[in-house]
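Reader: I would like a close look at a single part of this model. Please take one helix and set it in the context of the whole chain.

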Amino acid sequence: MGKGVSGKTHTRQQCNHYANQHNPNNSAHRATVNNRSNQMNPNNSAYHSSRNNGK
């Protein structure tokens, strides 16, 4: 199966949200990428809060 969402199974709002998160020119996309990189960086506080230890 392909990636993405279908207008047959999702609302317009859900489709727009998915598209925004995958468009590199959209602030939602940049926020998603920044959050992921912060969670993967041991020098960032988000790294520890995203782990079970919660330090």
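Author: A helix here is a DSSP run of H or I at least four residues long, and helices are numbered from the N terminus. Asn-35 is found in one such run, helix H2, so H2 is the part to look at. The model is predicted, and pLDDT is the predictor's confidence in each residue, from 0 to 100.

Start with the chain. Its secondary structure comes to 3 helices and 0 strands, in the order α-α-α from the N terminus on. The chain has 55 residues, and buried ones make up 5% of them. Its accessible surface is about 4800 Å², with 46% belonging to carbon and sulfur atoms.

Now the helix. H2 covers residues 27-39, which is 13 residues. From its first C-alpha to its last it reaches 18 Å, close to the 18 Å expected at 1.5 Å a residue. At the N-terminal end of H2, Asn-26 acts as a cap: one of its side-chain oxygens lies 2.7 Å from the backbone nitrogen of Ala-28.

Back to Asn-35. Its relative accessibility is 40%. Buried means under 20% and exposed means over 50%, so Asn-35 counts as partly exposed. The C-alpha atoms of Asn-35 and Ala-46 are 8.1 Å apart, with their positions 11 residues apart along the chain.

Another asparagine, Asn-16, can be described in the same terms. Asn-16 sits in helix H1, residues 12-21. Asn-16 is partly exposed, at a relative accessible area of 41%. Its C-alpha is 9.6 Å from that of Val-5, which is 11 residues away along the chain.

Last, the confidence. The average pLDDT of the chain is 83, and 89% of the residues score at least 70. Among the elements, H1 has the highest mean pLDDT, 90, and helix H3 (residues 45-49) the lowest, 83. Where pLDDT is low, the predicted coordinates should not be read in detail.

Note on methods. Residues are numbered from 1 along each chain as its sequence is written. This is a predicted model: local features need pLDDT of at least 70, side-chain atom pairs count only at pLDDT 80 or more; totals for chains, interfaces and linings use all residues. Side-chain values use heavy atoms; hydrogens and water are left out. Helices (H or I, at least four residues) and strands (E, at least two) are DSSP runs, numbered from the N terminus. Buried means under 20% relative accessible area, exposed over 50%, partly exposed in between (1.4 Å probe, protein chains only). Accessible areas come from the Shrake-Rupley method with a 1.4 Å probe; for residues, only the protein chains shown count as cover. The expected span of a helix is 1.5 Å times one less than its number of residues. A polar contact is a pair of N or O atoms within 3.5 Å; within protein, one must be able to donate a hydrogen and the other to accept it, and residues adjacent in sequence count only if both atoms are side-chain atoms.
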